[in-house]
Amino acid sequence: MTRRATAATGLRVLQQLRRDPRTIALIVVVPCVLVFLVDQLFADREQVFQQVGVPLLGLFPLVSMFLVTSITMLRERTSGTLERLLALPLAKLDLLLGYAIAFAALATLQGVVVSFVGFGLLGLEAESPTAVIVLLAVANAVLGMALGLFLSAFARTEFQAVQFMPAFILPQILLCGLLVPREEMAEWLQWVSALMPFTYAYDALERAATGATLGVRFWADVAVVVGVTVLALVLGAGTLRRRTP
Amino acid sequence: MTGAVEIRGLRVVRGGQEVLHGVSLDVEPGRVTGLLGPSGSGKTTLIRSVVGVQIVAAGDVTVLGLPAGSRELRARIGYMTQEPAVYRDLTVRENLAYFGRILGVGAGRVDELVERVGLVDERDRVVGTLSGGQRARVSLATGLLNGPDLLVLDEPTVGLDPVLRRDLWDFFHELAGAGTTLLVSSHVMDEAARCDRLVLLREGAVLAIATPGELRELTGVDELDAAFLRLVEGGEQ
């Protein structure tokens, strides 16, 4: 692994994204519009907006980066560039970390803009500093990227990759605690929910929004998010084969 | 070492079917070896085996004295795939710069190759807007960046106009003259005459290994196309 190849890959992915300003615009603008929608939806129930606003803001990057990465990686596999890259003196980690750097940069932009809209314009409030929320959003983005990277190995076409969104992401949104508190779910759903990375990403955001001091549970959540990210990257590296049939 | 590439008893199974049936051959160093045969004869599979990206069922492939696919070989082989393996949403220069950074070569080398493959006017254009032949040349240039000892090209001249094709073949010989070993596949027989040595492949087996001159002598016909046919018919009798 070399820092040169990692940086080159990060730069290359950013150059590709720059060629597609519409995607960047969608990634940045859509979450802002959605936060505004939620704000309007609960105009008479300010408390609900405060409750779901921060977690929503921190979970957007996970979903966007999951989708963008799985499609980008799928293209890399089907266009032959992956085979070409793996025949070069490039470590798999160079490729994965290059992706992580590029998408983390994009997620930071997204997180900062959405935070500005949420906290600055719409009056969203969190007990923890805004920087904590943005950092959590970036961590979630990298988690989404790692999951997308890994799962893209199981899609042969872009149609299939897009279907992972309702198949893999939607159940996690339903069960993470955002819609119904986990304690109020049927016991078996609580167990399923405990196996989903979203649950910990949501819990960390929720604790950062409501607690002034970040306790052990918060850091445990963060550890799970980081751990699952590393695990998904390792599994993803395993799907990058230098030799293929 | 007798060959830059030594293949012994190579068998490859793809999709449940054996596509190479015990192929053995040597590629001489510093020469242009043509790998010829009709579409579906196993050229690409053989090339992938040499580059080390193909899972093989049996046999040995030795490249520059090392087993194919060795880590040390990755910086010493230039590889051009049949479908241009370049990023369509990057410019010519951005593509080459990326592969160049991985290989540790500078911007000067990138500009040199842009000129070499005749894409100076297109260098800041996005690859997706280029013609198929231009895209193929970008792909070729990525394989040349590190000045490889062995250059493996899978149908590099498909879709190119005759003038460009001649220029590229001259370039290949220039590289060979400087010590590079080239293995070039083609299904166009009129390119066979431009190779130092030919490997004729048919249905996953080697039909003949000879120089163009030897092939004409062996079959008694002048046209290499006809010579190939003569060999096929001879093999079936």
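This report walks through a predicted model of two chains, A and B, starting with each chain as a whole and ending where they touch.

## Chain A at a glance

Let's start with chain A, which is built from 10 helices and zero strands. Read from the N terminus, its elements go α-α-α-α-α-α-α-α-α-α. The radius of gyration of chain A comes out at 18 Å, close to the 18 Å that the globule rule gives for 245 residues, so chain A is as compact as a globular protein of that length.

If you drew a box around the C-alpha atoms of chain A along the principal axes, the box would be roughly 60 × 40 × 35 Å. Of the 245 residues in chain A, 44% are buried. Now take the contacts in chain A with a separation of 6 or more: 79% of them join residues 24 or more positions apart.

## Two helices of chain A

Helix α6 of chain A covers residues 130–151, which makes 22 residues. From its first C-alpha to its last, α6(A) reaches 31 Å, close to the 32 Å expected at 1.5 Å a residue. Is this helix tucked away or out in the open? In α6(A), 18 of the 22 residues are buried, so the helix is largely enclosed by the rest of the structure.

For a single residue to look up, try A:Val29, which sits in helix α2 (residues 21–41) of chain A. Is A:Val29 buried, partly exposed or exposed? It has 14 C-beta neighbours inside 10 Å, and being buried takes 20 or more while being exposed takes 12 or fewer, so A:Val29 counts as partly exposed. A:Val29 and A:Gln15 are 14 residues apart along the chain, and their C-alpha atoms are separated by 20 Å.

## Chain B at a glance

Chain B mixes its elements: seven helices and 10 strands. Its radius of gyration is 18 Å, close to the 18 Å that the globule rule gives for 237 residues, so chain B is as compact as a globular protein of that length.

The box for the C-alpha atoms of chain B, again along the principal axes, is roughly 55 × 35 × 35 Å. Buried residues account for 47% of the 237 residues here. Among contacts in chain B with a separation of 6 or more, 68% are between residues 24 or more positions apart.

## Strands and hairpins in chain B

Now for the strands. In chain B, strand β1 (residues 5–14) and strand β2 (residues 17–27) pair in the antiparallel sense, with eight bridges. One pair you can find is B:Arg11 and its bridge partner in β2(B), B:His21. The hairpin of these strands has two residues between them, and B:Gly15 takes a positive phi near 55° there.

Further along, strand β9 (residues 197–202) of chain B has pairings with β3(B) and β10(B) to look at. With strand β3 (residues 32–36), the pairing is parallel and has four bridges; B:Thr33 stands opposite B:Arg197 of β9(B). With strand β10 (residues 205–210), the pairing is antiparallel and has five bridges. Here B:Arg202 has B:Ala205 in β10(B) as its bridge partner. The hairpin of β9(B) and β10(B) has two residues between the strands, and B:Glu203 takes a positive phi near 50° in it. While you look at the strands, keep a general point in mind: in a regular strand, side chains alternate between the two faces of the sheet.

## Helix α2 of chain B

The 12 residues of α2(B) should span 16 Å at 1.5 Å a residue, and the end C-alpha atoms are 17 Å apart, which agrees. In this helix, 11 of the 12 residues are buried, so α2(B) is largely enclosed by the rest of the structure. The buried ones include B:Val92, B:Leu96, B:Tyr98 and B:Phe99, but also B:Glu94 and B:Arg101.

What do the buried residues of α2(B) pack against? They pack against α3 (107–116) and α4 (132–144) of chain B, together with α1 (3–18) of chain A. Just after α2(B) comes B:Gly104, with a positive phi of about 75°.

## Where the chains meet

Finally, the contact between the chains: 24 residues of chain B are in contact with 21 residues of chain A. On the chain B side, the largest share, five residues, comes from helix α2 (residues 92–103). The residues on that side of chain B divide into 13 nonpolar, five polar and six charged.

Methods: Residues are numbered from 1 along each chain as its sequence is written. Chains are lettered from A and ligands numbered from 1 in the order in which they are written. This is a predicted model: local features need pLDDT of at least 70, side-chain atom pairs count only at pLDDT 80 or more; totals for chains, interfaces and linings use all residues. Two residues are in contact if their C-beta atoms, placed from the backbone, lie within 7 Å. Ala, Val, Leu, Ile, Met, Phe, Trp, Tyr, Cys and Pro count as nonpolar, Asp, Glu, Lys and Arg as charged, and the others, Gly among them, as polar. The expected span of a helix is 1.5 Å times one less than its number of residues. Two strands pair if DSSP finds at least two bridges between them. The radius of gyration is taken over C-alpha atoms; the globule rule is 2.2 Å times the number of residues to the power 0.38.
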